[in-house]
Amino acid sequence: MDRVLFDDLKDILGERISFSESVRNNYAKGEDAYDPILPKAVLFPNDNDELSKILKICNKLKLPVTAYGTGTSLEGHVVGNNEGITISLENFNKIISINEEDFDCRVQANVTREKLNETLKDKGVFFPIDPGANAALGGMAACSASGTMAVRYGTMRTAVLGLTVVMANGDIIKTGSRAKKTSAGYNLTNLFVGSEGTLGIISEVHLRLSPIPESIMSAVCQFPDLDSAVITAQEIIQYGIPIARVELLNKDQMDISIKYSKLENLEILPTLFYEFHGSENANNESIEIVKEISKNNNGSEFKWAANTEERNKIWKARHNVYYSVKAQGDNVRVYATDVCVPISNIVECIKFAENELQGTGLKAPMVGHVGDGNFHVTIVYDPNKENEYNYIRDFSNKLIDKALELEGTITGEHGIGLQKKEYLLKEHSDNIPLMKLIKKSFDPNNILNPGKIFDI
């Protein structure tokens, strides 16, 4: 690294800058299928002021910058740049304020969803957006994450009320307000949500919270085949039942999860995990309808979580799906798809995916937030066997085409990163020129996460 640049950064950070190969390797990729690319250095700022000063220097020198949170993204968002630096936000880990009476809070970018909910648990409120990993809330905003409760509570786009963002030139801006609605100009908040660190670095997030329900009830129902399970989920949503979670695990995934998460009294069959939030009376009414719909589709008797510990075990098993698949071999990688289609087309799309994989010899665990039309095929492969990756990518290409044919999207919650750039061209080729104009306006020197989402 240039000596003058090093001295300038050293003046800001002191010893909180590392050139160590092991440190650079630790911040070179996320939970994705890419080889790590080591940056020239990793920086550890403590606050907005330091982050602003760093970006002013990088912008002046046109030095690429990758922002790094917990590293749980799946599409190559945080793969490093060997001509630039990576900025770790791990010191941005404070909960700034909680306003339970107004159901909102403000946190720094690297506060994780689990840390926030642990802090909120005695205040009568919680944060419901829950991707599988214990992700950082800034990263969740940057990737427009969602999770198992999106069917009831929405996604990060609906949960984020405002942001503090440090721009490429070092300017610090705040979007949104604590008011529950606004008509004040362009919606910059939702422009940054899903921008994957390419328009600015999110340093603080203002979040909408939800009241903890009076009654929470979780159950498991198993089905003889995948179609029956998916049709059940579709009918539950179309009936208008306000279910909090309805999650699908196919037969392959149940086989893995039963062993990995030590689930008891369950068979290796397609399975739906249900959860109901509300008053006890309202839950009982919803449960009776869901039982009837499930039974009409040859579903088993419900297996209920008897207490909070059992309920947590069920949902921990669901959240650990990616890691359970990754544990299937040594030095393997996981390719995860992420299509989302209108709920009326979910049966056709999942059936297509299942049929395409039959006879390939690949084990293809499948999970889905089927209540909102989003599902994932998570395929293990050996990176040393190029033919395996090529086949998986071919399958992914076909699934993307099918999702678009069914008026869906190429990614429901993972984002674009590196992996889905060519797919974005398929879905939004007419949007890309405008996206590039926005990028050039916000980041004219293209220093912020260059090469992600699209190429300039």
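**View 1. The largest cavity of the predicted model encloses about 810 Å³ of space.** Of the 46 residues that line this largest cavity, those closest to its centre are Thr 72, Ser 73, Leu 74, Ala 135 and Cys 143. The search that found the largest cavity covered the whole structure, and five cavities of 30 Å³ or more came out of it.

**View 2. Helices and strands both contribute to the lining of the largest cavity.** Among the elements that each supply at least two lining residues are the helices H5 (137–142), H12 (308–319) and H13 (321–326), together with the strands S3 (65–68), S10 (201–208), S17 (366–369) and S18 (374–381). Helix H5 gives the largest share of this lining, with four residues. Sorted by class, the lining of the largest cavity holds 21 nonpolar residues, 21 polar residues and four charged residues.

**View 3. The second largest cavity encloses about 40 Å³ of space.** Its lining is made up of Tyr 335, Ala 336, Thr 337, Asp 338, Val 339, Ser 396, Leu 399, Ile 400, Ile 410, Lys 420 and Tyr 423. Two or more of the residues in this lining come from each of strand S16 (333–336) and helix H15 (386–405).

**View 4. Helix H15 provides the largest share of the lining of the second largest cavity.** The contribution of H15 to this lining amounts to three residues. Taken by class, the lining of the second largest cavity consists of seven nonpolar residues, two polar residues and two charged residues.

Conventions. Residues numbered from 1 in each chain as written. Predicted model: local features only at pLDDT ≥ 70, side-chain atom pairs only at ≥ 80, totals over all residues. Heavy atoms only, no water. 1 Å grid on protein atoms, 1.4 Å probe; cavity = no way out; pocket = protein on both sides within 12 Å on 5 of 7 lines; lining within 4 Å. Points joined across faces, edges and corners; volume = space filled by probe spheres on them. Nonpolar A, V, L, I, M, F, W, Y, C, P; charged D, E, K, R; others polar.
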